[in-house]
Amino acid sequence: MAIPQRQLFIGGEWRAPALGRRLPVVNPATEAPIGEIPAGTAEDVDAAVEAARAALRRNRGRDWARAPGAVRAKYLRAIAAKIIERKSDLARLESLDCGKPLDESAWDMDDVAGCFEYFADLAESLDKKQNAPVSLPMENFKCYLRKEPIGVVGLITPWNYPLLMATWKVAPALAAGCTAVLKPSELASVTCLELADVCKEVGLPSGVLNIVTGLGPEAGAPLSSHPGVDKVAFTGSYETGKKIMAAAAPMVKPVSLELGGKSPIVVFDDVDIEKAVEWTLFGCFWTNGQICSATSRLILHKNISKEFQERMVAWAKNIKVSDPLEEGCRLGPVVSEGQYEKIKKFVSTAKSQGATVLTGGVRPKHLEKGFYIEPTIITDVDTSMQIWREEVFGPVLCVKEFSTEDEAIELANDTHYGLAGAVLSGDRERCQRLTEEIDAGIIWVNCSQPCFCQAPWGGNKRSGFGRELGEGGIDNYLSVKQVTEYASDEPWGWYKSPSKL
């Protein structure tokens with residue numbers, strides 16, 4: 001199946017990239033080219049930002065930025081409906097582009113539609129919250145607050161959830177009244193360009209959403225540093241996040257960052273082992289292990305360690321690794337050859353440092369082509385090892401034993417990251433203690449990886465700052481304006497009037 005051949009989406013129209021260049025799209029399951037995407041550059045970013053700024057100011061903002069939330073909600077709901085209408089095609093394109101199992105891609109499309117619906121509701125409720133009064137200590141003044149769109153926003157998104165991660169930013173930005181330029185990852189842009197086609201079909205006003213595909217240094221960097229962009233929101237690696245902060249700093253431009261993770265899952269000896277094993281593997285191998293929140297550090301009570309690891313190996317060997325379009329696939333290929341080689345290097349380094357590969361770490365014997373790696377479990381891990389400290393972004397789980405609760409907490413927090421964490425135990429009070437002790441923005445109890453657009457998402461430390469989703473997710477794209485009125489008929493009286501001298 002070939003992918004649709006799209007151009008850049010700027011000002012509501014398809015536009016060829018300024019330099020006319022295109023990038024190949026490779027199916028990670030077969031290593032075969034299946035099409036191309038346009039390679040935008042700084043010139044294209046300039047045009048997209050100009051279109052976004054024109055849309056923001058059109059009719060003095062009344063057409064979009066200052067329109068009632070219900071007007072914007074209508075478009076968001078129309079987009080959601082089209083996503084559901086095209087769900088099967090979009091899911092197939094997603095799997096072809098990034099290697100995600102088709103069942104997961106279909107689930108993602110439901111989440112995309114749900115996210116647009118959710119922020120449509122918040123757009124409408126925003127109107128009701130405007131002009132919220134502020135209580136003041138002086139009766140001769142009145143004060144109220146307005147929430148206004150921050151302006152033109154640059155949205156830079158990753159390849160592991162191509163359309164969903166874009167939606168996490170596009171939906172609240174548009175709900176708030178911002179206009180946007182979206183730059184998806186060059187490794188997986190296909191469904192984001194299909195979102196442009198959806199926007200065109202529902203009649204989204206021109207320039208409200210613009211999409212520029214291309215390489216990070218050629219398109220993402222100019223967007224981050226563009227003087228016409230009022231805010232940048234980024235999801236991706238810690239190293240790229242630092243560069244985006246540096247690019248925004250000269251203009252004191254606000255940024256929100258959702259970066260990497262090396263999240264712990266702490267398993268105590270009072271669990272149902274079969275249930276805990278499945279959640280542990282799901283927490284690391286879901287989305288082919290390519291999740292920033294993956295609970296990839298298993299901190300396992302020594303009393304059940306031997307049995308637990310034996311059951312994990314048995315479960316891991318039972319996971320169906322196949323072409324993502326094949327029925328029942330539960331682990332597809334990683335996104336690219338570069339990522340494939342990087343993961344293999346992590347495994348070989350762990351072995352050279354003294355760790356033991358219990359299972360996986362190699363290409364499945366039945367798959368000669370594609371960027372496939374068997375689900376991998378590594379034990380005999382020391383906290384100084386690379387496999388413990390650095391994000392792999394692949395189906396690789398490392399295991400470390402503990403004896404006491406205090407030791408488990410110390411191991412859980414032994415990371416520069418702080419996106420997520422999980423605790424599995426039958427003791428509810430113990431679970432509560434660990435939710436308070438683990439330094440992360442998201443904690444799961446007796447599960448791993450559930451995510452709902454109604455709940456805030458984001459991390460601490462090197463996992464970034466700011467929160468997406470939830471009622472506060474729209475606040476990323478709003479500024480607060482204080483309006484204070486002198487409400488007395490009496491003069492202020494601070495200076496003596498010249499007429500009374």
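Strands β10 (residues 231-235) and β11 make a good starting point in this predicted model: the two pair in the parallel sense, joined by four bridges. Phenylalanine 234 has leucine 257 of β11 as its bridge partner. To get from β10 to β11, the chain passes through helix α8 (residues 238-248), and this β-α-β crossover is right-handed.

Stay with β11 for a moment, which spans residues 255-258. Val255 and Leu257 point one way from the strand, while Ser256 and Glu258 point the other way. Are these side chains buried or exposed? All four residues, Val255, Ser256, Leu257 and Glu258, are buried. β11 also pairs with strand β21 (residues 464-465), this time running antiparallel and with two bridges. Here the bridge partner of glutamate 258 is glycine 464 in β21.

Now step back to the annotation. An unreviewed UniProt entry places the feature "domain: Aldehyde dehydrogenase" at residues 14-483. In the model, that span is 39% helix and 20% strand, and its end C-alpha atoms lie 41 Å apart.

Next comes an open sheet of seven strands. Following it across, you meet β14-β15-β16-β13-β12-β18-β19 in that order, with mixed pairing. Why do β14 (356-359) and β19 (442-445) each have one side without a neighbour in the sheet? Both stand at the edges with a single partner strand each, so one side of each is left free of a neighbouring strand. From one strand to the next, the twist averages 25°. At the β19 end, β18 (residues 420-424) pairs with β19 in the parallel sense over four bridges, and valine 423 stands opposite valine 445 in β19.

Two helices that pack on this sheet are worth finding in your viewer. Helix α10 (residues 305-317) touches β12 (264-267), β13 (297-301), β14, β15 (376-379) and β16 (396-402), and its direction makes about 140° with that of β13. Helix α13 (residues 405-412) packs on the sheet as well, touching β12, β13 and β16, and its direction makes about 145° with that of β16.

Let us turn to the aromatic rings, of which the structure holds 14 pairs. One of the pairs joins phenylalanine 268 and phenylalanine 402: the ring centres are 5.2 Å apart and the planes meet at 80°, so the arrangement is edge-to-face. This pair links distant parts of the chain, 134 residues apart, with phenylalanine 268 in the loop between β12 and α9 (273-285) and phenylalanine 402 in strand β16. Phenylalanine 268 is buried, with a relative accessible area of 2%, and phenylalanine 402 is buried too, with a value of 1%. Elsewhere, ring pairs link Trp107, Trp279, Phe282 and Trp286 into a cluster.

The last stop is an open sheet of three strands, with the order β5-β6-β22 and antiparallel pairing. Which strands lie at its edges? They are β5 (132-134) and β22 (478-486), each of which pairs on one side only. Neighbouring strands in this sheet are turned by 30° against each other on average, direction ignored. Nine bridges join β6 (residues 141-149) to β22 in the antiparallel sense, and the bridge partner of phenylalanine 141 in β22 is tyrosine 486.

Note on methods. Residues numbered from 1 in each chain as written. Predicted model: local features only at pLDDT ≥ 70, side-chain atom pairs only at ≥ 80, totals over all residues. Heavy atoms only, no water. Buried < 20%, exposed > 50% of the residue type's maximum accessible area, 1.4 Å probe, protein only. Pairing = 2+ DSSP bridges. Right-handed = clockwise from strand over helix to strand, strands pointing away. UniProt positions renumbered as here; feature names shortened; annotations may be inferred. Axes fitted to C-alpha atoms, helices over the stretch in contact; angles between N-to-C directions. Contact = heavy atoms within 4.5 Å. Phe/Tyr/Trp six-rings, centres within 6.5 Å; stacked < 30°, edge-to-face > 60°.
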